[in-house]
Amino acid sequence: MSTNVYISMCVSPGVQAMFSQQPQDLVVVAGQPVTLPCSIPGYHGVVLWIKDGLALGVGRDLSGYPRYTVIGDQSTGEHHLRIQHVEIMDDAVFECQAIQAAMRSRPARLTVLVPPEDPVISGGPMVSLRAGDPLNLTCHADNAKPAASIIWIRNGEVLNGAMYSKTLLRDGMRERTVSTLYLSASNIETGQQIICRASNKAVPNGKETSVIIDIQHLPLVNLSVEPQPILEGNMIQFHCSAKANPPVTMYRWAKGGNVIKEISGNTYEVMVDHSFFTEPVSCEVTNPLGNTNISRNVDVYFGPRMAAEPQSLQVDLGTDAVFNCGWTGNPSLTIVWMKKGSGVVLSNKNILTLKAVRQEDAGKYVCRAVVPKVGAGEKEVSLTVNGPPTISSTQTQQALHGEKGQIKCFIQSTPPPDRIAWSWKETVLESGTSGRYTVETVSTEEGVISTLTMSNIVPADFQTIYNCTAWNSFGSDTEIIRLKEQGGSNGLQDNAPCHKA
């Protein structure tokens, strides 16, 4: 009975209490204000706001919730709940209750949306990788409700193929999203900007961050040589230009594999000689990733230089003689083989082959090389032919009656003669003295001279036939020599030996 009397006291006479406004389900973004309406015209009793089954306070006293306020004209029954700066903890079910009238509003679900924190790309804002390596980018967007969606953008286009994962945080409401993007080496370029954009219902336009791709590579090197072609003895410049990321730390020069210690910059200037034609100049460029080496030969014009020196030969009679004469020169040279004293060209190649040599092939040969408009060079060699001795002497030699006389025998022999003998009448003399006769042998560069000396020439000496014979391991040769009286007539005295012969 007393309860009914109390209730009647909280409601205006003749008025039945009822809700004219009740809270509705709402979705709000964290940080925004929100008002949950509750109007009970004619009711003057206590109104409670309930959150997830728990009263927020008594009447309009919500001192335990600083962001919560009951607003409206209480005299007209307005008891609206105002929440300033909604937070994730406000995500709950709210009711408005009129205690004395035993009335409860419908439950209203307040859903709080939380935008993700600014996304973060691991390793940003500059991501470096080595040329040829693929790119793996990871972007995470944290503390979002609902979980953020992540897209990758390059040059205004969305990149497909990223992998996603979501993790529920400890509060049971917010989530962390992680996205991993893989791009092959052929699909990336240095300097490209790649954007990670995270969005959810709280921030439909999304939040984004970006990285710049920095592709690092070994030095890319170009070695220029100016001027070319160039005549030996002139100055030339090598310039080594390089693109490198990270930047170049060192230049090193070498020629023919030998380091040029005194040069450390990217330019090398030097006077060239023939060696630059065959010994390349190299430039090695280094950066923190390693080094790149490039080399160049120089088109140097130079006169003939001996590459394979021909050797003098000693061959047996009837065999082949092969000379090899190697020259280098630039531009292309011409080679000519000739026998000294003859204008006949025997060969225009490095090799000169003389088939089945004869004694008359012995002598000096010249290998000559000519580089047009640059220079010429030549090399002389000898051919010695092993064979029987060859005697070349004047067949009639002169002397004075009563004086000392001499007849000479000139012998060319390779190998040198083993034996030389003079014979006349019944006498044979190889060396030394026998009576009026003495034999002496002298060796010269041209051959061997054997001399038969007669003291006190008598008339019979002019009637005698003298034989000079030489032997070596290949055979022998004989020359018949007559002695003629110096100033004598051409009568019988001269003709008699010829008749006997």
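This report walks through the domains, some strand pairings and a few chosen residues of the structure above.

**Overall layout**

Please keep in mind that this is a predicted model. The protein is split into five parts: domain 1 (26-113), domain 2 (120-215), domain 3 (227-298), domain 4 (302-386) and domain 5 (390-485). Between the C-alpha centres of domain 2 and domain 3 there are 45 Å.

**Towards the start of the chain**

Let us begin with F19, which sits in the loop between α1 (2-10) and β1 (26-29). F19 counts as buried because its relative accessible area is 14%, under the 20% that marks a buried residue. What is F19 in contact with, once its neighbours within four places in sequence are left aside? The list is C38, S39, I40, C96, M103, R104 and S105.

V46 belongs to the loop between β2 (34-36) and β3 (47-51). With a relative accessible area of 30%, V46 is partly exposed. Together with V58 and I99, V46 makes a nonpolar surface patch of about 240 Å².

**An open sheet**

Next comes a sheet that you can trace strand by strand. It is open and has 4 strands, in the order β10-β12-β16-β15, with antiparallel pairing. Its edge strands, β10 (120-121) and β15 (163-168), each pair on one side only. For β15, 6 bridges lead to β16 (residues 175-183), and these two strands run antiparallel. If you would like a landmark there, look for K166, which faces T177 in β16.

**β42 and its partners**

Further along the chain, β42 (448-454) is a good place to pause. Is β42 largely enclosed or left open by the rest of the structure? Of its 7 residues, 6 are buried, so β42 is largely enclosed by the rest of the structure.

Two strands can be followed from here. Strand β37 (residues 405-412) runs antiparallel to β42 and is joined to it by 7 bridges. Within that pairing, I407 stands opposite L452 of β42. On the other hand, β41 (437-443) also pairs with β42 in the antiparallel sense, over 7 bridges. Here V439 has L452 as its bridge partner in β42. A hairpin of 4 linking residues connects β41 to β42.

G447 lies in the loop between β41 and β42. G447 is buried, as its relative accessible area is 10%. Leaving out neighbours within four places in sequence, the contacts of G447 are F410, I411 and V442.

Q463 is placed in the loop between β42 and β43 (465-472). At 26% relative accessibility, Q463 counts as partly exposed.

**Distances along the chain and in space**

The table sets separation in sequence beside separation in space for three residue pairs.

| Residue pair | Separation along the chain | C-alpha separation |
|---|---|---|
| G447 and I411 | 36 residues | 5.7 Å |
| F19 and F474 | 455 residues | 149 Å |
| Q463 and F94 | 369 residues | 165 Å |

How do these values fit with the contacts above? G447 and I411 have C-alpha atoms 5.7 Å apart, and I411 is one of the residues that G447 is in contact with. For F19 and F474, the C-alpha separation is 149 Å, while the contacts of F19 include C38 and M103.

Note on methods
Residues numbered from 1 in each chain as written. Predicted model: local features only at pLDDT ≥ 70, side-chain atom pairs only at ≥ 80, totals over all residues. Heavy atoms only, no water. Patch = residues over 30% accessible without salt bridge, like charges linked within 9 Å, V, L, I, M, F, W, Y side chains within 5 Å. Areas by Shrake-Rupley, 256 points an atom, 1.4 Å probe, with all protein chains shown as cover. Salt bridge = Lys/Arg side-chain N within 4 Å of Asp/Glu carboxyl O. Buried < 20%, exposed > 50% of the residue type's maximum accessible area, 1.4 Å probe, protein only. Domains from an automatic or database assignment. Pairing = 2+ DSSP bridges. Contact = heavy atoms within 4.5 Å.
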